[in-house]
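Here's a friendly walk through one structure, taken a piece at a time. Have a look at it first.

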Amino acid sequence: MNATRQLVWDLPTRIFHWALTASLAASASIALLTHDRDSLFPYHAILGLILALLVVLRLVWGFIGTRHARFGSFLFGPVALGTYLRGIFTNTAARHPGHNPGSAYAILAMLLLLGGITITGVLMSTGTRGLKDAHEVMTYSLLGVVAAHVLGVIAHTIRHRENITLGMIDGKKACEPAEAIASVRPAFALLLVALVSLWSVGLFKSYDPATRKATIPLLGTSLKVGDAGKQGWNGEHRERRRHDD
Ligand code: HEM
Ligand code: HEM
């Protein structure tokens, strides 16, 4: 194989990756390290709503993005996954210019779990009971997949002496020149940054700590972020109702 590094990841894919990493790290840390009565706790849901927009935009990009960002380029069947995983242990796993079958399954699982976490989170915030366990189980499953993803990246880096993390920053990976993409799609990158910034500013500005409510931009829906169906919050807990956790 021609080992020169070629441009394979467009700019929106890279921005999506690091925005997703940062907001998930922040949201999960707040949710797991603070109590649900803590004044910081609602921010885990606000960050979760930012993650939700990132996921929606990544889904769109999976259809209109450049070749290695498209879902069609990394939808592998279970046989391809089995062959790839066996190949890791026998050192015969094929190299892929885009996502390999292992990372492809991890990526799809992360997107699906993020979708499930958002839906259960929003439903709890609108008063639906009995979803907290599902919300938490999906969170722990997501963290498990993220750990496997990062371990996979580290294993690849050591085994092939190839810094693929740098690839998610400068967009390049060692592969045939024919696999390279022609453009980093700067206009779409700008649009992505603008949309996510507007959405984030809208959410943070609408949040009222006294009522623990935030308004979803564009939809105008008001959500009691971060505590499931409790009544009055004003820094102190006025009415302590037993809820279904
Ligand atoms: C919260 C943590 C993380 C999440 C949720 C996450 C998620 C993802 C997703 C969704 C993709 C697919 C990108 C796309 O096609 O849109 C991806 C790819 C990638 N990520 Fe992460 N990531 C995380 C942390 C990291 C870290 C810490 C590193 C570096 C050590 C890393 C390195 C990479 C690399 C190198 C790829 C490309 C893999 C390939 O060649 O198939 N990720 N990640
Ligand atoms: C990836 C993003 C998210 C993660 C990692 C996450 C994680 C968690 C975790 C671990 C808990 C349990 C905390 C505890 O009681 O100890 C929790 C609770 C909760 N989350 Fe999330 N969450 C996310 C997104 C959201 C979103 C988007 C919403 C709503 C808009 C939301 C609403 C809630 C609510 C209402 C609770 C229940 C709090 C209570 O006990 O009353 N979450 N979340």
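What follows goes from the overall layout to the ligand, two helices, the cores and a few single residues.

## Before we start

This is a predicted model, in which local features need pLDDT of at least 70, side-chain atom pairs count only at pLDDT 80 or more, and totals for chains, interfaces and linings use all residues. Residues are numbered from 1 along each chain as its sequence is written, while chains are lettered from A and ligands numbered from 1 in the order in which they are written.

How sure is the predictor? pLDDT is its confidence in each residue, from 0 to 100. The chain averages 91, with 91% of its residues at 70 or more. Residues 231–245 are another story, with pLDDT below 50. Beyond near neighbours in sequence, that stretch has 18 contacts in the model, a contact being two residues whose C-beta atoms, placed from the backbone, lie within 7 Å.

## The overall layout

The chain has seven helices and four strands. These are DSSP runs numbered from the N terminus: helices are H or I with at least four residues, strands E with at least two. Follow the sequence and you get the pattern β-α-α-α-α-α-α-β-α-β-β. Along the principal axes, the C-alpha atoms fill a box of roughly 65 × 40 × 25 Å.

Of the 245 residues, 29% count as buried. The rule here is that a buried residue has 20 or more other C-beta atoms within 10 Å of its own, an exposed one has 12 or fewer, and a partly exposed one is in between; C-beta atoms are placed from the backbone. Among contacts with a separation of 6 or more, 66% join residues 24 or more positions apart.

## Around the ligand

Which residues are closest to ligand 1? They are Thr21, His99, Ser103, Ile164 and Thr165, out of 22 that surround ligand 1. To be near the ligand, a residue needs its C-beta atom, placed from the backbone, within 6 Å of it.

Helices α1 (11–33), α4 (101–125), α5 (132–159) and α6 (164–170) each bring at least two residues to this shell. The largest share, seven residues, is from α1. By type, the shell has twelve nonpolar residues, nine polar and one charged. For this count, Ala, Val, Leu, Ile, Met, Phe, Trp, Tyr, Cys and Pro are nonpolar, Asp, Glu, Lys and Arg are charged, and the others, Gly among them, are polar.

## Two helices up close

Start with α1: its 23 residues should span 33 Å at 1.5 Å a residue, and its end C-alpha atoms are indeed 33 Å apart. The expected span is 1.5 Å times one less than the number of residues. Buried residues of α1 include Phe16, Ala19, Ser23, Leu24 and Ile30. The cover over the buried residues of α1 includes α2, α5 and α7.

Now α5, with 28 residues: it reaches 40 Å from first C-alpha to last, close to the expected 40 Å. Its buried residues are His135, Met138, Thr139 and His156, and they pack against α1, α4 and α6. After α5 comes arginine 161, with a positive phi near 45 degrees.

## The nonpolar cores

A nonpolar core is a set of buried Ala, Val, Leu, Ile, Met, Phe, Trp, Tyr and Cys residues joined through C-beta atoms within 7 Å. The largest one has 31 residues, and those with the most contacts inside it are Ile46, Leu49, Ile50, Leu51, Leu54, Leu57 and Leu114. At least two residues of this core come from each of α1, α2 (42–64), α4 and α7 (186–206), with the largest share, 13 residues, supplied by α2.

Leaving aside neighbours within four places in sequence, leucine 57 touches Phe16, Leu192 and Leu195 by the contact rule. Apart from the largest core lies another, of five residues, among them Leu7, Val8, Trp9 and Ile181.

## A few single residues

Is asparagine 91 buried or exposed? It is exposed, because just 7 other C-beta atoms lie within 10 Å. Asparagine 91 sits in the loop between α3 and α4, and has a positive phi of about 60 degrees although it is not a glycine.

Leucine 218 is in the loop between β3 (213–215) and β4 (222–224). Its phi is also positive, about 70 degrees, although it is not a glycine. Leucine 218 counts as exposed because it has 9 C-beta neighbours inside 10 Å.

Technical notes: pLDDT is the predictor's confidence in each residue, from 0 to 100.
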